Amino acid sequence: MAELIIISTLNGVLYGMLLFLMASGLTLIFSMMGVLNFAHASFYMLGAFLGFQISQWAGFIPAIILAPIIAGGLGALIERYGLRTVHKHGHVAELLFTFGLAFIIEETIQMIWGKLAVDYRVPSFLDFSAFTVYATNYPAYKAFMLLFSIAIFVGLIFLLTRTRAGLIIQASLTHPNMVGMLGHNVPRVFMMVFGLGTSLAAIAGAIAGAAFVTQSNMAALLGPILFVVVVVGGLGSLWGAFVASLLIGLLQTFAIASDWSLSKFLGSSYTPASGTILYDVWTVTIAQIGPILPYLLLVLVLVFRPTGLFGTRDT
Amino acid sequence: MKWQMPKKLFGLAAAGLVAGAGYLALPQKSEAQSGTIRIAYVDPLSGPMAGIGDAGLKNFQYILEEINAKGGANGKKLEIVPFDNKLNAQETIVQVQKAIDDGIRIITQGNGTAFAIAISEFVTKYNERNPGKEVIYLNYAAVDPILTNAKCSYWHFRWDANTEQKMAAITAFLKDRKDVKKMYLINQDYAFGQGVRDLALKMLKERRPDIEIVGNELHPLAKITDFAPYIAKIKASGADSVITGNWGSDIALLIKAAADAGLQVNFFTFYAGGTGGPTAIKQANLANRVFAVGEGFANIEHKASQDFEKGLRAKYKVGLFYPRGVNQMRMLAEAINKTKSEDPKKIAAALEGMKFEVFNGGQGEMRASDHQFMQPLYMASFGPLKAGQPFDEENTGWGWSIAGKVDPKDTDVPTTCKMNRPS
């Protein structure tokens with residue numbers, strides 16, 4: 001049991017940290033523009049494919065450095081020459097713009113790399129087991145992913161709270177006019193934040209792609225859960241995104257590990273006839289409903305705490 | 001006389017209209033007469049299961065090339081035309097309709113029972129409404145027993161052994177494996193996976209009541225990218241063996257996660273041989289501990305099939321995952337040659353009850369009562385190549401060895417099919 005708990009915690013925290021890398025960018029962009037970026041998960045996918053391609057040419061280390069830079073640069077350009085123009089026409093236009101962008105990125109990726117999964121592998125120097133918990137190996141690559149994403153998290157917090165650039169970003173998020181009056185180029189700050197947000201998603205893609213599967217539907221698989229994270233955490237709140245990411249990561253992992261069902265909980269005092277709907281409800285395990293738990297959480301949060309866990313404004 | 005003219009004119013006009021309609025339909029007709037017999041391949045060619053769909057397409061292309069090189073069917077060449085169903089029931093029907101609109105009257109599909117049922121029902125209805133334009137559905141891999149039982153159709157033919165037959169083969173094999181004591185079931189959460197689970201529970205109880213079921217898991221189909229949480233649970237359960245019907249990326253990723261966690265158990269699978277599976281098994285170092293049930297494997301000592309395998313690998317760089325696909329297409333060609341007709345109605349009549357020497361040797365028969373192909377089945381295990389075994393998989397240096405053979409009489413499960421035959 002202890003083994004299951006430790007391993008599940010490790011798995012859950014890792015999944016949570018990956019979610020956070022993506023959700024942090026999404027939530028920053030939201031606080032800046034007030035619009036959810038539907039194409040955010042597409043930059044995660046783009047990061048994975050760029051990571052794969054660069055690792056083929058130059059190796060893994062250059063891949064995880066260059067992929068986020070390229071994707072971030074692309075994100076900044078899209079903000080500068082796309083979103084900024086669309087911004088004049090209001091939020092709906094922006095929303096539709098990012099919505100269309102997601103499809104364009106997906107189709108482009110399919111055109112370049114095809115519809116099949118590409119063979120993006122864990123680099124050989126990280127392909128061993130780092131340590132053993134009781135009898136379960138923990139792969140070195142996963143340990144690397146965990147440490148790497150924690151390092152990025154710490155770096156991000158440092159950047160936003162301890163540097164001059166971070167202070168200007170924070171100020172621009174809440175008081176853009178004031179910051180502009182003080183002589184800072186607020187549109188450029190927005191462009192940089194958009195670039196930073198997309199490159200964070202691309203980092204997540206570049207490191208997760210090698211461990212899991214890199215293919216053209218990975219954005220669609222991850223997109224919905226990202227929105228759950230930012231809404232549960234509170235739109236625009238970095239800490240909220242962090243807590244919600246870990247919460248959802250752990251929730252999903254522990255749900256899978258659990259075998260609880262109504263029939264187990266209530267004992268065998270009553271068993272509905274097999275084949276009826278009630279029987280299905282009675283015997284369905286938490287593991288089976290695990291995938292919908294985050295969405296259940298989303299609904300509950302919207303009903304009981306519309307601002308999210310750490311948010312300040314209504315969703 | 002006077003008032004007969006308009007009638008004649010009317011008749012002429014009607015004839016003109018018919019001719020016009022015929023003219024509009026001409027492009028399709030001319031294609032149908034252009035010397036190829038086209039078969040629509042409706043399977044996932046994008047999304048998580050695209051790897052399987054793509055390998056299957058290559059398998060069929062080579063199978064047809066081989067048949068065409070031997071003269072084709074009725075002097076015409078067979079051609080496979082891919083349609084991407086995106087692993088979606090709605091899209092499957094759209095694509096089947098598209099194929100029919102395009103003048104194709106032979107459909108083949110295999111991945112996903114839900115989609116197979118959709119096609120079977122669609123084709124059956126279509127044929128009722130369009131007599132003279134019947135469409136036939138050749139199923140090479142959708143294995144839910146329901147397709148040849150409660151929902152059987154005269155227009156559906158299945159070449160793969162169904163879940164019940166495969167589970168009968170696995171449990172027959174387990175009879176002599178006394179080292180298996182604690183079993184964990186993990187399957188995809190839809191009709192097929194639930195079927196595998198139910199049959200495993202039922203048949204293990206009959207044949208190995210001493211085996212303890214320590215876990216029974218269903219997970220979403222083609223949505224999991226990291227099976228680590230499931231592997232942790234299997235480990236915690238103390239299982240020594242796993243039965244799974246997982247296919248496509250779901251089996252490859254399951255074994256990959258087992259490899260990462262260092263889980264050492266036996267895997268009794270339906271489809272561990274699929275794309276990515278062999279690589280993961282090698283990585284997990286599970287020598288001779290992963291088993292698959294199937295109608296044929298590359299290393300079976302049988303010259304004709306090994307020659308075929310060599311040719312396929314040389315040309316498409318993939319192994320033959322569908323020996324049943326060879327049986328299917330060869331039998332189709334034989335049915336067309338025998339009836340000297342491309343009419344699906346005549347083809348179906350010829351296929352029903354057809355006896356056939358199967359790809360890997362041995363006698364097979366398309367059972368007339370439910371259109372389920374009866375054939376010898378094998379249990380194979382995956383490990384380092386032994387002397388005299390020519391084929392490894394995915395360049396791992398490991399290959400499949402036969403661990404047991406099950407004759408058709410042992411998988412001769414009864415059917416409840418009451419078939420409506422066209423008059």
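Student: How many residues of chain A are in contact with chain B?

Tutor: The model is predicted. Contact here requires C-beta atoms, placed from the backbone, that lie within 7 Å. On that basis, 26 residues of chain B are met by residues of chain A numbering 24.

Student: Which element gives the most to the side of chain A that touches chain B?

Tutor: The elements giving two or more residues to this side are helix 1 (2–33), strand 2 (136–139), helix 10 (238–257) and helix 13 (286–289) of chain A. By class, the side holds 13 nonpolar, nine polar and two charged residues. With five residues, the element that gives the most is helix 1 of chain A.

Student: In chain A, at roughly what angle do the axes of helix 9 and helix 14 cross?

Tutor: Residues of helix 9 of chain A, including Ile225(A) and Val228(A), meet residues of helix 14 of chain A, among them Leu298(A) and Val301(A). This contact has 10 nonpolar, no polar and no charged residues. The crossing is left-handed. The axes of helix 9 (residues 218–233) and helix 14 (residues 293–304) of chain A come within 10 Å, and they cross at roughly 35°.

Student: Which strands are the edge strands of the open sheet in chain B?

Tutor: Five strands of chain B form the sheet in the order 2-1-3-4-5, with parallel pairing. An edge strand pairs on one side only, and those that do so are strand 2 (77–84) and strand 5 (156–158) of chain B.

Student: Which residue in strand 4 of chain B stands opposite Ile107(B)?

Tutor: Strand 3 (residues 106–109) and strand 4 (residues 136–139) of chain B pair in the parallel sense over four bridges. Opposite Ile107(B) stands Tyr137(B).

Notes: Residues numbered from 1 in each chain as written. Chains lettered and ligands numbered in written order. Predicted model: local features only at pLDDT ≥ 70, side-chain atom pairs only at ≥ 80, totals over all residues. Axes fitted to C-alpha atoms, helices over the stretch in contact; angles between N-to-C directions. Left-handed = near helix turned anticlockwise from the far one by under 90°. Contact = placed C-beta atoms within 7 Å. Nonpolar A, V, L, I, M, F, W, Y, C, P; charged D, E, K, R; others polar. Pairing = 2+ DSSP bridges.
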